[in-house]
Amino acid sequence: MKSFYHYIMKFRSNKKHDRMGEFARSAYDDHSFPKSSTDYDELSSYLELNGYYLSSMTVFDEAWELYQNNA
């Protein structure tokens, strides 16, 4: 299974004000992001503590749902 990080990287080229694209670009710039993780709890905890670039965890939850349905 592809990691969550690798899955969301496909959204990096989305338009500038697209929430999913902004999340992907921010995760790309976050050198501590758990790039190999496929675990919701690990990723959620990381983002709650370090995801200063997320205005809301809703973006992560939407991305996670897409990941689960398409990975």
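**Entry 1. The annotated span**

Which residues does UniProt list for "domain: YozE SAM-like"? I looked up the record, an unreviewed entry, and it gives residues 3-69. I note here that the model I am reading is predicted. I then checked the span itself and found 58% helix and 0% strand. The C-alpha atoms at the ends of residues 3-69 are 13 Å apart.

**Entry 2. Helix α3**

I asked which residues of helix α3 are buried. In this helix, residues 40-50, they are L43, S44, Y46 and L47. Their arc around the axis is only 160 degrees, so they sit on the same side of α3. I wrote down the general rule beside this: an α-helix has 3.6 residues a turn, so residues three or four places apart point the same way.

Next I looked at the face of α3 turned away from the buried side. The exposed residues there are D41, E48 and L49. I also looked up what the buried residues of α3 pack against, and found α1 (4-8), α2 (19-29) and α4 (58-70).

At the start of α3 I found a polar contact. A side-chain oxygen of D39 comes to within 3.4 Å of the backbone nitrogen of D41.

**Entry 3. L43**

I picked one residue of helix α3, namely L43, for a closer look. Is L43 buried or exposed? Its relative accessible area is 0%, and the cut-off for buried is under 20%, so L43 is buried. I listed its contacts, leaving aside neighbours within four places in sequence: F4, F33, P34, S37, F60 and W64. I also took the separation of L43 and A24, which is 14 Å from C-alpha to C-alpha, with their positions 19 residues apart in sequence.

**Entry 4. Helix α2**

I repeated the search for buried residues in α2 and found M20, G21, F23, A24, S26 and A27. These residues pack against α1, α3 and α4. At the N-terminal end, α2 is capped by D18, which has a side-chain oxygen 3.2 Å from the backbone nitrogen of M20.

**Entry 5. H31, in a loop**

I went on to the loop between α2 and α3, where H31 lies. H31 has a relative accessibility of 72%, and exposed starts over 50%, so H31 counts as exposed. From H31 to S45 I read 16 Å, C-alpha to C-alpha, for two residues that are 14 apart in sequence.

**Entry 6. S3, before α1**

I turned to S3, in the segment before α1. S3 counts as buried because its relative accessibility is 7%. What does the side chain of S3 have 2.8 Å from one of its polar atoms? I found the backbone oxygen of K35 there. Leaving aside neighbours within four places in sequence, S3 is in contact with K35, S36, S37, T38 and Y67.

**Entry 7. Aromatic rings**

I counted the aromatic pairs and reached 13. F4 and W64 were the pair I took up next. Their ring centres are 5.6 Å apart and their planes meet at 40 degrees, so the pair is tilted. This pair joins distant parts of the chain, with F4 in helix α1 and W64 in helix α4, 60 residues apart.

I checked burial for both. F4 is buried, with a relative accessible area of 0%. W64 also counts as buried, at 12% relative accessibility.

F4 has a pair with Y67 too. The centres of the rings of F4 and Y67 are 5.4 Å apart and the planes are at 85 degrees, so this pair is edge-to-face. Again the pair links distant parts of the chain: F4 is in helix α1 and Y67 in helix α4, 63 residues apart. Y67 counts as buried, at 0% relative accessibility.

Which residues form one aromatic cluster? I listed F4, Y7, F11, F23, Y40, F60, W64 and Y67.

**Entry 8. Charges over rings**

Last, I looked for charged side chains over aromatic faces. R12 is over the face of Y28, 3.6 Å from the ring centre. K35 is over the face of Y5, at 5.2 Å from the ring centre. I had met K35 before, as the residue whose backbone oxygen lies 2.8 Å from a polar side-chain atom of S3.

Methods: Residues are numbered from 1 along each chain as its sequence is written. This is a predicted model: local features need pLDDT of at least 70, side-chain atom pairs count only at pLDDT 80 or more; totals for chains, interfaces and linings use all residues. Side-chain values use heavy atoms; hydrogens and water are left out. UniProt positions are given in the numbering used here, feature names are shortened, and annotations may be inferred rather than shown by experiment. Helices (H or I, at least four residues) and strands (E, at least two) are DSSP runs, numbered from the N terminus. Buried means under 20% relative accessible area, exposed over 50%, partly exposed in between (1.4 Å probe, protein chains only). The arc is that of the directions from the helix axis to the C-beta atoms. Contact means heavy atoms within 4.5 Å. A polar contact is a pair of N or O atoms within 3.5 Å; within protein, one must be able to donate a hydrogen and the other to accept it, and residues adjacent in sequence count only if both atoms are side-chain atoms. Rings of Phe, Tyr and Trp (its six-membered ring) pair if their centres lie within 6.5 Å; planes under 30 degrees apart count as stacked, over 60 as edge-to-face and the rest as tilted. A charge sits over a ring if NZ of Lys or CZ of Arg is within 6 Å of the ring centre and within 35 degrees of the ring normal.
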